[in-house]
Amino acid sequence: MIRMIALSDCPKSQYYSKICVERWGELGYNISLFQGTTPDTLGDELEFADIKMTSKTPFTPTEKAIWYSHFRVWQTVKEPTYIIEHDTYPFRSLPEFKEDYGLFSVFPRNNRAWLKMEEHISPGSGYYISERFAAILTAAALEDTISQNVDGHIHTHFEKELNMSKNKTAKQRMEQLNQVYCPRASCFQIVNYDIGTSAEHKL
């Protein structure tokens, strides 16, 4: 199953999801749309820290909404599922994973995107999880005060599953994750600066 998080009442989300769903269809995939959360439909299950661990800034309403979008998808996972966002664009077929988890989307790939940063894995843009792994992500979100964006949460639990050494720096662990998953990536995040994005992309 492939679940795409999208917002039916957001023109930007609809712009990107239309492009991406058409491309997924060209590759022979059927996409199941999942209605994302907006700042107006936040829940009260998750407890957010006053400031984020990395940027030392408060969570924005949009960042919280993205968190809830993924959190609510995890709660529905009953079979191995590929989870993507509305701007996750495939350039080849999805990889198959021996494990019950995996990452498969990168950014940036188009030259003007994201200030021409070096391409690296983008956890929240495309990941594969089983019911077991979804339960791990869900339980951790409920048990702890959230201090990082949902991409960081996903990244952290992939590090744990891969038994990455705590002695390594965050940069070294990211490089290791890139080495494992970038060669197998099949998607990237698209962006059209004339349209803009529907979410902040900050640490």
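In what order do the 4 strands of the open sheet line up? The order is S4-S9-S6-S7, with mixed pairing. Keep in mind that this is a predicted model. Below is a quick tour of that sheet, the helix that packs on it, and some of the salt bridges.

**The sheet**
- Strands S4 (88-90) and S7 (120-121) sit at the edges, each pairing on one side only.
- S6 (residues 105-107) and S9 (residues 187-189) run parallel and are joined by 2 bridges.
- Ser105 has Cys187 in S9 as its bridge partner.
- Helix H1 (residues 11-26) packs on this sheet, where it touches S4 and S9. The direction of H1 makes about 25° with that of S4.

**Helix H1**
- With 16 residues, H1 spans 23 Å from first C-alpha to last, close to the 22 Å expected at 1.5 Å a residue.
- Its buried residues are Ser13, Tyr16, Ser17, Cys20, Arg23 and Trp24. Looking down the axis of H1, you'd find them within an arc of 130°, so they line one face of the helix.
- Strands S1 (2-6) and S3 (81-85), along with S4 and S9, are among the parts that cover those buried residues.
- Flip to the face turned away from the buried side and you meet the exposed residues Pro11, Lys18 and Glu26.
- Just after H1, Gly28 takes a positive phi of about 90°.

**Salt bridges**
- The count comes to 7 salt bridges.
- Lys52 pairs with Glu63, with the closest N and O atoms 2.8 Å apart. Lys52 is in the loop between strand S2 (32-35) and helix H2 (61-74) while Glu63 is in H2, so the pair ties together parts 11 residues apart in sequence.
- Both ends of that bridge are buried: Lys52 has 2% relative accessibility, and Glu63 has a relative accessible area of 4%.
- Arg173 forms a salt bridge with Glu159, the closest N and O atoms being 3.0 Å apart. Here helix H5 (residues 170-181) supplies Arg173 and helix H4 (residues 150-161) supplies Glu159, 14 residues apart.
- Arg173 counts as buried at 16% relative accessibility, and Glu159 is buried too, at 9%.
- Lys78 forms a salt bridge with Glu131, where the closest N and O atoms are 4.0 Å apart. This pair links the loop between H2 and S3, home of Lys78, to Glu131 in helix H3 (residues 131-143), 53 residues away.
- Lys78 is exposed at 60% relative accessibility, whereas Glu131 is partly exposed at 40%.
- Asp100, Arg132 and Glu161 are joined into one network by salt bridges that share partners.

Terms used: Residues are numbered from 1 along each chain as its sequence is written. This is a predicted model: local features need pLDDT of at least 70, side-chain atom pairs count only at pLDDT 80 or more; totals for chains, interfaces and linings use all residues. Side-chain values use heavy atoms; hydrogens and water are left out. Two strands pair if DSSP finds at least two bridges between them. Contact means heavy atoms within 4.5 Å. Axes are lines fitted to C-alpha atoms, for helices over the stretch in contact, and angles run from 0 to 180 degrees between N-to-C directions. The expected span of a helix is 1.5 Å times one less than its number of residues. Buried means under 20% relative accessible area, exposed over 50%, partly exposed in between (1.4 Å probe, protein chains only). The arc is that of the directions from the helix axis to the C-beta atoms. A salt bridge is a side-chain nitrogen of Lys or Arg within 4 Å of a carboxyl oxygen of Asp or Glu.
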